[in-house]
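This briefing is for a reader who is meeting the structure for the first time. Please look over the sequence and the model before reading on.

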Amino acid sequence: MVRSELRNGDGVAGEPAKLTIFDLQAKVERGEKIFQVTATDFATAKLVDGAGIDLILIGDSLGIMALGYPNTVAVTMDEMLHHAGSISRAAKRAILVGDLPLGAYHAAPADAVNNAMRMVKEGGADVVKLEGGEDVVPMVEAVVRAGIPVMGHIGLTPQLLSKLGGFQAQGRSAAAGAQLVRDALALERAGCFAIVVEAIPDRVAALISERLTIPTIGIGAGPQCDGQNLVLHDLAGLLVDRFLPQFGKRYAEVGKTIDAALHAFQQDVREGGFPTAEHSVAMDDAEYAALLLEVEGHDH
Ligand code: KIV
């Protein structure tokens, strides 16, 4: 039987066929780019899925974008699962990648397996992502052995912010670049189906992409990766006062549009433009007369 006959979702009328990790490899072989966008909830995931993006990342950056933390360090597994549930109820086609947050896989491979299982069973994710290179190989191997596909994440790994000395590009020296190549190869050998490479020199990302058989998905890693990731809130300009990372690009100013709408709403109400009869619930004249009789005790 050919794989296309087995696709999830094919049996549901009106719903697009669910993508699988095998479709990603096929895209790369056809020379097509892969698209991954981080969403935080039902509304944003619905937009991302509807636009035909291949992978929705339930990223722990939701700690910043949706929960208002300064970084991703404090994000818990329960917070991730809460958001994952709302995202998975919206997404019909895209592959759902559930980030495992700091502390969910660092102590032991068994933790990685248990939390990956929670992400799939409770959060509705299809696959999981975890940060780290050679150091997380035992965790990746354990999760893959348990039957859950794993996406790696190397370069700027924001969960280890203190160790990295802040949100800084990684792999700029020969030694650091070589370590990233070793990390990527180790993750591929451990069974990852794809790797995010974040904030590393484009030349290092290109070397990694050439050497791997699995797709690389770049964010701040140049154009030679097999795919690109952006966070929806950055891409669409949802948080008006948020600093846009050097490697981000804003394709819309949705936050400013919403701000204008909120001001227009207030002005409209003050000037009597909203609500009008078309936004109101009508009552029959006879019923109203009867109501007045009841509450006021006399006819008008
Ligand atoms: O959490 C996230 O959005 C991420 C991407 C930046 C890769 O990990």
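The points below go from the barrel to single strands and helices, then to the ligand and two aspartates.

The model is a predicted one. Eight strands form a closed barrel, running in the order E1-E2-E3-E4-E5-E6-E7-E8, with parallel pairing. On average, neighbouring strands of this sheet are turned by 25° against each other, direction ignored. A ligand is also present, and 13 residues surround it.

**Strand E3 and its partners**

- Strand E2 covers residues 55–58 and strand E3 covers residues 95–99; the two pair in the parallel sense over four bridges.
- Across this pairing, Leu-55 stands opposite Ile-95 of E3, and Ile-58 has Gly-98 as its bridge partner in E3.
- E3 also pairs with E4, again in the parallel sense, over three bridges.
- In that second pairing, Val-97 stands opposite Val-127, a residue of E4.
- Five of the five residues of E3 are buried, so the strand counts as mostly covered, buried meaning under 20% relative accessible area.
- The cover is on both faces of E3: Ile-95, Val-97 and Asp-99 are buried on one side, and Leu-96 and Gly-98 are buried on the other.

**Helices H6 and H8**

- Helix H8, residues 174–190, packs on the sheet and touches strand E5 (150–155) and strand E6 (194–198).
- The direction of H8 makes about 175° with that of E5.
- Helix H6 spans residues 137–145, and its buried residues are Val-137, Met-139, Val-140, Ala-142 and Val-143.
- These buried residues of H6 pack against helix H5 (109–121), strand E4 (127–129), E5 and H8.
- Gly-147, just after H6, takes a positive phi of about 100°.

**The ligand and its surroundings**

- The closest of the residues around the ligand are Thr-38, Gly-59, Asp-60, Ser-61 and Lys-129.
- Thr-38 has a polar side-chain atom 2.9 Å from an oxygen atom of the ligand.
- For Ser-61, a polar side-chain atom lies 2.7 Å from a ligand oxygen atom.
- Asp-99 places a polar side-chain atom 3.4 Å from an oxygen atom of the ligand, and Asp-99 is also one of the buried residues of E3.
- The ligand taken alone exposes 260 Å², and the protein buries 95% of that.

**Asp-41**

- Asp-41 sits in the loop between strand E1 (34–38) and helix H2 (42–50).
- Its relative accessible area is 29%, so Asp-41 is partly exposed.
- Asp-41 and His-83 are 42 residues apart in sequence, while their C-alpha atoms are 5.7 Å apart in space.
- When neighbours within four places in sequence are left aside, Asp-41 is in contact with Ser-86 and Ile-87.

**Asp-234**

- Asp-234 belongs to helix H10, which covers residues 232–235.
- Asp-234 counts as buried because its relative accessibility is 5%, and the cut-off for buried is under 20%.
- With neighbours within four places in sequence left aside, the contacts of Asp-234 are Met-65, Arg-242, Leu-244, Pro-245, Lys-249 and Arg-250.

Key:
Residues are numbered from 1 along each chain as its sequence is written. This is a predicted model: local features need pLDDT of at least 70, side-chain atom pairs count only at pLDDT 80 or more; totals for chains, interfaces and linings use all residues. Side-chain values use heavy atoms; hydrogens and water are left out. Two strands pair if DSSP finds at least two bridges between them. Axes are lines fitted to C-alpha atoms, for helices over the stretch in contact, and angles run from 0 to 180 degrees between N-to-C directions. Contact means heavy atoms within 4.5 Å. A residue is near a molecule or strand if one of its heavy atoms lies within 4 Å of it. A polar contact is a pair of N or O atoms within 3.5 Å; within protein, one must be able to donate a hydrogen and the other to accept it, and residues adjacent in sequence count only if both atoms are side-chain atoms. Accessible areas come from the Shrake-Rupley method with a 1.4 Å probe; for residues, only the protein chains shown count as cover. Buried means under 20% relative accessible area, exposed over 50%, partly exposed in between (1.4 Å probe, protein chains only).
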